[in-house]
Amino acid sequence: MIFSDYLTVWIDADSCPAAVRNLIFRFALRNGVPVRLVANREIPFPPSLNARCIITKAEQDAADDYIAAHAKETDIVITRDIPLAARLIQKGLVVLNDRGTVFSADTITERLSVRNFAYDLAMTGVALERTRKFGKKELTDFANSFDRELQKKRRAFEQLQA
């Protein structure tokens, strides 16, 4: 088995910033791993043998359902969708958002609760503070977290091969 058979990087691409996608492509190319962008529309990406865009139906949660059905435990998923992250963590996947936060079984329940509370407030008309702007610091935080998770996966793969 080779590393590219062991690991795929999945991107919940509808809301993933282009700078993060481009960084993922560079890391994936350097590490020889495939990337799958999943969205309900075409997402631009540089031509690469290791990348593919999967277009789902334009229905709510179609991309999330596709990722949940096809990602395997050895994969890494990038999403800012908290309910999707919770589903994937239950399956044992590594999940991080586009700002470098690595979700875990210890933190996802609280994140999901906060998300649901904010959603309920929004449905009653209460305006909430928006997520802070995405800039260089957020991209650097993502790069550091993503690289760390890729290296953990590489070490796990190498231990399997030993």
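Biologist: Why does D61 count as partly exposed?

Modeller: The relative accessibility of D61 is 38%. Buried means under 20% relative accessible area, exposed means over 50%, and partly exposed is what lies in between, with a 1.4 Å probe and protein chains only. D61 falls in between, so D61 is called partly exposed. Note that this is a predicted model, in which local features need pLDDT of at least 70, side-chain atom pairs count only at pLDDT 80 or more, and totals for chains, interfaces and linings use all residues. Residues are numbered from 1 along each chain as its sequence is written, and side-chain values use heavy atoms, with hydrogens and water left out.

Biologist: What is unusual to look for in the backbone of D61, and where does D61 lie?

Modeller: Its phi is near 70°, a positive value in a residue other than glycine. D61 sits in the loop between β3 and α3.

Biologist: K57 is in that loop too. Is K57 buried or exposed, and how do you know?

Modeller: K57 has a relative accessible area of 59%, so it is exposed. K57 touches N40 and A62, leaving aside residues up to four places away in sequence. Touching is contact, which means heavy atoms within 4.5 Å. K57 and N40 are 17 residues apart in sequence, yet their C-alpha atoms are 5.6 Å apart.

Biologist: What makes N31 count as buried?

Modeller: Its relative accessibility is 10%, so N31 meets the cut-off for buried. N31 belongs to helix α2. Among its contacts are F3, L150 and R154.

Biologist: How many helices and strands does the chain have, and what earns an element its name?

Modeller: There are six helices and six strands. Helices are DSSP runs of H or I with at least four residues, strands are runs of E with at least two, and both are numbered from the N terminus. From that end, the order is α-β-α-β-β-α-β-α-β-β-α-α.

Biologist: How do you know that β2 and β3 pair?

Modeller: Two strands pair if DSSP finds at least two bridges between them. Five bridges join β2 (residues 35-39) to β3, and the two run parallel. That meets the definition, therefore they are paired. V35 has A51 as its bridge partner in β3, and L37 has C53. On the other hand, β1 and β2 are linked by four bridges, also in the parallel sense. There, D12 stands opposite V38 of β2.

Biologist: Why are β3 and β6 called edge strands?

Modeller: The six strands form an open sheet in the order β3-β2-β1-β4-β5-β6, with mixed pairing. β3 (51-55) and β6 each have a single partner strand, so one side of each is left without a neighbour in the sheet.

Biologist: What makes β2 a mostly covered strand?

Modeller: Five of its five residues are buried. V35, L37 and A39 point one way, while R36 and V38 point the other.

Biologist: What covers the sheet near there, and at what angle?

Modeller: Helix α3 (residues 62-70) lies across β1, β2, β3 and β4, at about 165° to β1. Axes are lines fitted to C-alpha atoms, for helices over the stretch in contact, and angles run from 0 to 180 degrees between N-to-C directions.

Biologist: What is the handedness of the unit made by β1, α2 and β2?

Modeller: It is a right-handed β-α-β unit. The term applies if, with the strands pointing away from the viewer, the path from the first strand over the helix to the second runs clockwise.

Biologist: How do you know that the span of α6 is close to the expected one?

Modeller: The expected span is 1.5 Å times one less than the number of residues. α6 (residues 136-161) has 26 residues, with 38 Å expected, and it reaches 37 Å from first C-alpha to last. Its buried residues include F142, L150 and F157. Among the elements covering them are α1 (3-6), β1 (9-12) and α2 (18-31).

Biologist: Why is the pair of Y6 and F157 called tilted?

Modeller: Rings of Phe, Tyr and Trp (its six-membered ring) pair if their centres lie within 6.5 Å; planes under 30 degrees apart count as stacked, over 60 as edge-to-face and the rest as tilted. The search of the whole structure finds seven aromatic pairs. In this one, the centres are 5.2 Å apart and the planes are at 50°, so the pair is tilted. Y6 is in helix α1 and F157 in helix α6, 151 residues apart. Y6 is buried at 9%, and F157 is buried at 8%. With F3, they form one aromatic cluster.
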